[in-house]
Amino acid sequence: IGAKAGYVALLSDTGEENELLFLEDGGMLCAVDPNLPMPVRGLRAEAYHTGKVVYENDFMKTDHVKFMPEGHMPLPNVLFSPLNIEGKTVGIMGFAYKDSDFNDHDARIAEAFGEYGAIALKNSRNYQALQEHAEELQMINHTKDRLFSIIGHDLKNPLNSILGFAEVLGEEYQDAPRNQIGHYQSIIFNAAESMSDLLDNLMQWSRVQRKDK
C-alpha cells in the first residue's frame, strides 16, 4: 500500500472503543498519551458501521480532525480496513502517511489484509474456545470421578448394614422376640433411607449438569 504508519485494533466488549494490538508510527513525532482511550468515531466509525474500506486523502481538512486527540501527528491521508467475522466488524486496521494518495487499488489490497487478519483472529478465538472447553471437560471429569468415589464409599456402608442385618434376621433370629426384630428392622430401614437420599441428590446434580450444557 505504501503507508508509513498504521495500527491494528479490536473492538472493545462495550463496542465503544478500540483496544490497540499493534502500532507503527513510521517514525513520526506523536505526543498523544498512550493511556488515552481510542473511541469509535469519525472516519473510523464509518468503517465499523459499513464494514467496508474507507479512505480520505485530505484528512486534515475534514470534520474528522476534531476527533483527533491533543498531540496527535498530522495525517495527510488515512485508510481504514475493517476486520469482519461472520458479517460483524470486530476490529480495524488503520493506514496513514502514504506519499501519494490512497486509491481503490490500495483499498482492495487493504480489504484483503483485513480478510486475512479476520481469519487469523477467528482461528485464534476458536483455538482459545477449544482450550477452555477442554479445561471445562477436565473439570467435569474430575468432579465426576470424585463424585463416584464418594458414592462408592458412602453406599458401601449402608449396603453392608442392609445385607448384614438382613442375613442376621434371616438366619439367627427367626425365633427372637418381636422387639429385637423391630430394632434390626429399624437399622435396615435407616440404611435404605440414607441410600435413597444419596441417590436423589445424585439425580438432582445430574439434572443441573444437563441444564448447564
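This report walks through the core, the salt bridges, a charged patch and some backbone oddities of a predicted model.

## The nonpolar core

Start on the inside. The largest nonpolar core counts 20 residues, and L75, V78, F80 and I92 are the ones with the most contacts within it. Strand 1, helix 1 (42-50), strand 5 (78-85) and strand 6 (88-98) each put in at least two residues. Helix 1 is the top contributor to this core, with 4 residues.

## Three salt bridges

Searching the whole structure turns up 3 salt bridges. Take K4 and D99: their closest N and O atoms sit 3.0 Å apart. K4 belongs to strand 1 and D99 to the loop between strand 6 and helix 2 (104-171), so this pair ties together parts 95 residues apart in sequence. K4 is partly exposed at 41% relative accessible area, while D99 is exposed at 69%.

Next comes K122 with E86, where the closest N and O atoms are 3.4 Å apart. This pair also links distant parts of the chain, with K122 in helix 2 and E86 in the loop between strand 5 and strand 6, 36 residues apart. K122 is partly exposed, with a relative accessible area of 33%, and E86 counts as exposed at 71%.

Then there's D106 with K98, whose closest N and O atoms are 2.4 Å apart. Are these two partners buried or exposed? D106 is buried, with a relative accessible area of 4%, and K98 is buried as well, at 13%. K98 has another long-range neighbor to look at: I1 is 97 residues away in sequence, yet the two C-alpha atoms are 7.8 Å apart. I1 lies in the segment before strand 1 and counts as partly exposed at 24% relative accessibility.

## A negative patch

On the surface, D13, E16, E17 and E19 form a negative patch. D13 lies in the loop between strand 1 (3-11) and strand 2 (17-24), and is exposed with a relative accessible area of 84%.

## Backbone oddities

Most residues other than glycine have a negative phi. Which residues here go the other way, with a positive phi? E86, already met in the salt bridge with K122, has a phi near 55 degrees. Y97 is another one, with a phi of about 65 degrees.

The two sit in contrasting settings. E86 is in the loop between strand 5 and strand 6 and is exposed. Y97 lies in strand 6 and, at 18% relative accessibility, counts as buried.

Key: Residues are numbered from 1 along each chain as its sequence is written. This is a predicted model: local features need pLDDT of at least 70, side-chain atom pairs count only at pLDDT 80 or more; totals for chains, interfaces and linings use all residues. Side-chain values use heavy atoms; hydrogens and water are left out. Patches are made of residues with over 30% relative accessible area and no salt bridge: like charges are joined within 9 Å, nonpolar side chains (Val, Leu, Ile, Met, Phe, Trp, Tyr) within 5 Å. Accessible areas come from the Shrake-Rupley method with a 1.4 Å probe; for residues, only the protein chains shown count as cover. A salt bridge is a side-chain nitrogen of Lys or Arg within 4 Å of a carboxyl oxygen of Asp or Glu. Lys and Arg count as positive and Asp and Glu as negative; His and the chain ends are not counted. The place of a charge is taken as NZ of Lys, CZ of Arg, CG of Asp or CD of Glu. Buried means under 20% relative accessible area, exposed over 50%, partly exposed in between (1.4 Å probe, protein chains only). A nonpolar core is a set of buried Ala, Val, Leu, Ile, Met, Phe, Trp, Tyr and Cys residues joined through side-chain atoms within 4.5 Å.
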